[in-house]
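Hi,

Here is the structure I promised to pass on. Please open it next to this email; my notes follow below.

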Amino acid sequence: MKALFISDLHLTPDCPAVARAFCHYLCHRAIEADALYILGDFFEYWVGDDAMDDFQFDIARRLRQYTDTGRPLYLMPGNRDFGIGKAFLRQTGITWLQDPTLVEINQRKILLLHGDSLCTRDRQYQRYRRFIRNPLVLSLLRLTPLSYRRQLGASIRRNSRAAKVGKSLAIMDVTPSAVVQVMEKYRVDTLIHGHTHRPDIHDVVLKQGSGKRYVLGDWTDKGWEIELNGSDITLQQFPISD
Ligand code: MN
């Protein structure tokens with residue numbers, strides 16, 4: 001079976017070319033695969049299932065057209081769209097994946113993460129992540145008025161941009177020991193994640209032998225995907241035209 005992995009599309013009406021590229025990808029590329037995995041930050045922001053705009057409704061319709069073909073479509077929350085709820089999943093036919101999730105495809109065990117949990121040197125962010133991703137906090141947030149959530153979302157994005165300015169590249173990348181720890185915990189030699197926007201393939205030395213960490217890239221003027229076909233895994237890029 002052939003599975004595809006993508007992440008960090010950061011879909012927003014401000015970047016129509018990326019949205020168009022994704023729709024094209026669904027109809028021409030993902031349709032030829034047996035499953036599609038989206039590993040977080042699919043949307044640039046998600047205020048709530050009750051606050052979807054025309055853009056998000058349109059994307060939802062495209063996703064539904066894809067799942068209506070019978071192919072499974074999996075979505076893992078990122079740090080931008082973790083607020084996606086059950087109504088959106090019902091509407092699109094998407095299956096929600098916890099972060100992390102261990103899958104077995106073609107007899108290969110693969111650990112899937114968004115990737116932000118691996119950036120442990122950014123303590124400030126990890127504290128915030130533990131708070132905002134707490135199921136209780138999340139369900140309380142869903143009860144707050146839309147205007148409040150819109151404000152909160154905007155201030156989170158502002159703070160995230162401002163925080164990045166003062167942080168070194170090393171702090172914003174994954175911590176090597178955190179990678180080893182999670183791969184040993186789940187006893188896998190293959191890890192796929194996004195979030196850092198640094199597409200690459202890294203060797204990892206593990207107790208159980210050698211492993212590989214595949215990092216997806218974000219979609220801007222290029223798109224990135226990982227293809228699993230048989231036992232082969234490849235990282236590929238393709239152009240996104242305006
Ligand atoms: Mn992210």
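**Strand 1 and its neighbours**

Phe5 has Tyr37, in strand 2, as its bridge partner. The strand numbers count DSSP runs from the N terminus: a strand is E over at least two residues, a helix is H or I over at least four. This is a predicted model, so local features need pLDDT of at least 70 and side-chain atom pairs count only at pLDDT 80 or more, while totals for chains, interfaces and linings use all residues. Residues are numbered from 1 along each chain as its sequence is written, and side-chain values use heavy atoms, with hydrogens and water left out.

Strand 1 and strand 2 are parallel and share 4 bridges. Two strands count as paired if DSSP finds at least two bridges between them. Strand 1 also has strand 10 (residues 222-229) as an antiparallel partner, again joined by 4 bridges. There, Leu4 is matched with Glu227. Strand 2 continues to strand 3 (residues 73-75), in parallel, over 3 bridges. Ile38 pairs with Leu75 in that strand.

Two crossovers link these strands. Strand 1, helix 1 (residues 16-28) and strand 2 form a right-handed β-α-β unit. From strand 2 the chain passes through helix 2 (residues 54-67) to strand 3, and that β-α-β crossover is right-handed too. Right-handed means that, with the strands pointing away from the viewer, the path from the first strand over the helix to the second runs clockwise.

In a regular strand, side chains alternate between the two faces of the sheet. In strand 2 (residues 35-38), Ala35 and Tyr37 point one way and Leu36 and Ile38 the other. All four are buried, that is, under 20% relative accessible area (exposed is over 50%, partly exposed in between; 1.4 Å probe, protein chains only).

**Two sheets**

The sheet with strand 1 is open, has 6 strands in the order 4-3-2-1-10-11, and is mixed in its pairing. Its edges are strand 4 (95-96) and strand 11 (232-239), each paired on one side only.

A second open sheet has 5 strands in the order 5-6-7-9-8, also with mixed pairing. Strand 5 (101-105) and strand 8 are its edges; each has a single partner strand, so one side of each lacks a neighbour in the sheet. The twist averages 25° from one strand to the next. Strands 5 and 6 are antiparallel, with 5 bridges. Val103 sits opposite Ile110 there.

**The manganese site**

Which residues coordinate the manganese ion? They are Asp41 (OD), Asn79 (OD1), His114 (NE2) and His195 (ND1), at 2.0 to 2.2 Å. Donors are N, O and S atoms within 2.8 Å of the metal (3.2 Å for Na, K and Ca); water is not among the atoms, so sites may look incomplete. Along the chain the donors are spaced D-x37-N-x34-H-x80-H. His114 is in the loop between strand 6 and helix 4, and His195 in the loop between strand 7 (190-193) and strand 8 (200-206), so the pair ties together parts 81 residues apart in sequence.

Both histidines are buried. For His114 the relative accessible area is 0%.

**Cysteines**

A search of the whole structure finds 0 disulfides, meaning pairs of cysteine sulfur atoms within 2.5 Å. Why is Cys23 not bonded to Cys27? The Cys27 sulfur is the closest cysteine sulfur to that of Cys23, but at 6.9 Å it is too far for a bond. Cys23 is buried at 10% relative accessible area. Cys119 is buried as well, at 4%.

Notes. Axes fitted to C-alpha atoms, helices over the stretch in contact; angles between N-to-C directions.
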